[in-house]
Structure formats: C-alpha cells, structure tokens
Amino acid sequence: MKKDTHPDYHMITVKMTDGSSFQTRSTWGEANGTLVLDIDPTTHPAWTGGGQKILDRDGRVGKFNKKFEGFLGNSSKNDSSEKNTSDNTAQEETKS
C-alpha cells in the first residue's frame with residue numbers, strides 16, 4: 001500500500017455566526033486552526049425553514065386540478081357539501 005496517501009486529519013475549532021464555537025477533527029487548514037463560518041444551520045433558511053412560501057395562483061397545481069377535476073367522479077369537496085345539505089334538510093324536517 002502507498003504511504004502518505006491519506007490527508008492530515010487534525011483538530012480544528014469551528015466558529016459559528018452567533019459567536020459559539022466547537023472543536024472537531026477535519027482535514028481543513030492547519031492543526032489547531034479556526035474555521036469561521038459565514039452561514040451555519042442556525043441562520044440559513046434551508047435549515048430554519050424561513051423565508052420560503054409556496055404560492056400557486058392557478059399555476060401548475062391549478063392547471064392540474066382543472067384538468068383532472070372530474071376524473072374520479074365526484075371529488076371529496078362535492079361529497080362533503082352534499083352530505084351537509086342532506087343533513088340540513090333532514091334536520092329541518094324533524095323540526096317541523
């Protein structure tokens with residue numbers, strides 16, 4: 001097996017954007033070096049879930065729904081509204 005094929009694996013300090021830091025082993029930089037992060041999991045929207053809303057104003061989802069509106073017969077929306085009207089009619093008849 002060849003010698004010196006693996007990189008140097010040493011301890012470094014990682015400094016987060018909020019000022020906190022931790023030590024880990026890495027091949028980055030020099031031994032006992034400090035890696036200062038510009039973006040970390042506590043601030044980036046990819047990890048925090050902020051700043052992203054899905055709005056579909058008759059876009060792809062709307063077109064799909066219109067295209068396949070009657071594909072499976074009555075949709076669940078229509079079923080629930082029909083049940084409500086039949087329940088209301090039955091309640092009115094019992095009141096009379």
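**View 1. Lys15 of S1 stands opposite Val36 in S3.** This close-up comes from a predicted model, where local features need pLDDT of at least 70 and side-chain atom pairs count only at pLDDT 80 or more, while totals for chains, interfaces and linings use all residues. Residues are numbered from 1 along each chain as its sequence is written, and side-chain values use heavy atoms, with hydrogens and water left out. S1 covers residues 10-15, and three bridges join S1 to S3. The two strands run parallel. (Strands, E, at least two residues, and helices, H or I, at least four, are DSSP runs numbered from the N terminus; two strands pair if DSSP finds at least two bridges between them.)

**View 2. Val14 has a bridge partner in S3 and another residue opposite it in S2.** Go to Val14 and look at both neighbouring strands. In S3, Val14 has Leu35 as its bridge partner. In S2, Phe22 is the residue standing opposite Val14. This picks up the strand order S2-S1-S3. The three strands make an open sheet, and the pairing is mixed. S2 (21-26) and S3 (34-36) are the edge strands, each pairing on one side only.

**View 3. S1 and S2 make a hairpin.** Six bridges hook S1 up to S2, and these two strands run antiparallel. One of the pairs to pick out is Thr13 with Gln23, its bridge partner in S2. Five residues sit between the two strands of the hairpin. In the turn, look for Gly19, which has a positive phi of about 100 degrees.

**View 4. Asn32 comes within reach of Thr13 in this frame, with 6.7 Å between their C-alpha atoms.** Along the chain, Asn32 and Thr13 are 19 residues apart. Asn32 is found in the loop between S2 and S3. Its backbone is worth a look too: phi of Asn32 is near 65 degrees, a positive value in a residue other than glycine. Asn32 counts as exposed because its relative accessible area is 64%. (Exposed means over 50% relative accessible area, buried under 20%, and partly exposed in between, using a 1.4 Å probe and protein chains only.)

**View 5. Asp4 has a positive phi ahead of the sheet's strand S1.** Asp4 belongs to the segment before S1. Its phi is about 60 degrees, although Asp4 is not a glycine. How accessible is Asp4? Relative accessibility there is 80%, so Asp4 is classed as exposed.

**View 6. Asp38 and Thr17 are 6.2 Å apart in space, C-alpha to C-alpha.** The sequence separation of Asp38 and Thr17 is 21 residues. Asp38 lies in the loop between S3 and helix H1 (45-48). With a relative accessible area of 71%, Asp38 is exposed.

**View 7. Phe64, Phe68, Phe71 and Leu72 make a nonpolar surface patch.** The area of this patch is about 510 Å². Leu72 lies in the loop between helix H2 (60-67) and helix H3 (76-95). Leu72 rates as exposed because its relative accessible area is 75%. (Patches take residues with over 30% relative accessible area and no salt bridge, joining like charges within 9 Å and nonpolar side chains, Val, Leu, Ile, Met, Phe, Trp or Tyr, within 5 Å; a salt bridge is a side-chain nitrogen of Lys or Arg within 4 Å of a carboxyl oxygen of Asp or Glu. Accessible areas use the Shrake-Rupley method with a 1.4 Å probe, and for residues only the protein chains shown count as cover.)

**View 8. Pulling back, the chain reads β-β-β-α-α-α along the sequence.** The close-ups above are all taken from this one protein chain. The chain has three strands and three helices. Of its 96 residues, 9% are buried. The chain exposes about 8,900 Å², and carbon and sulfur atoms supply 51% of that area.
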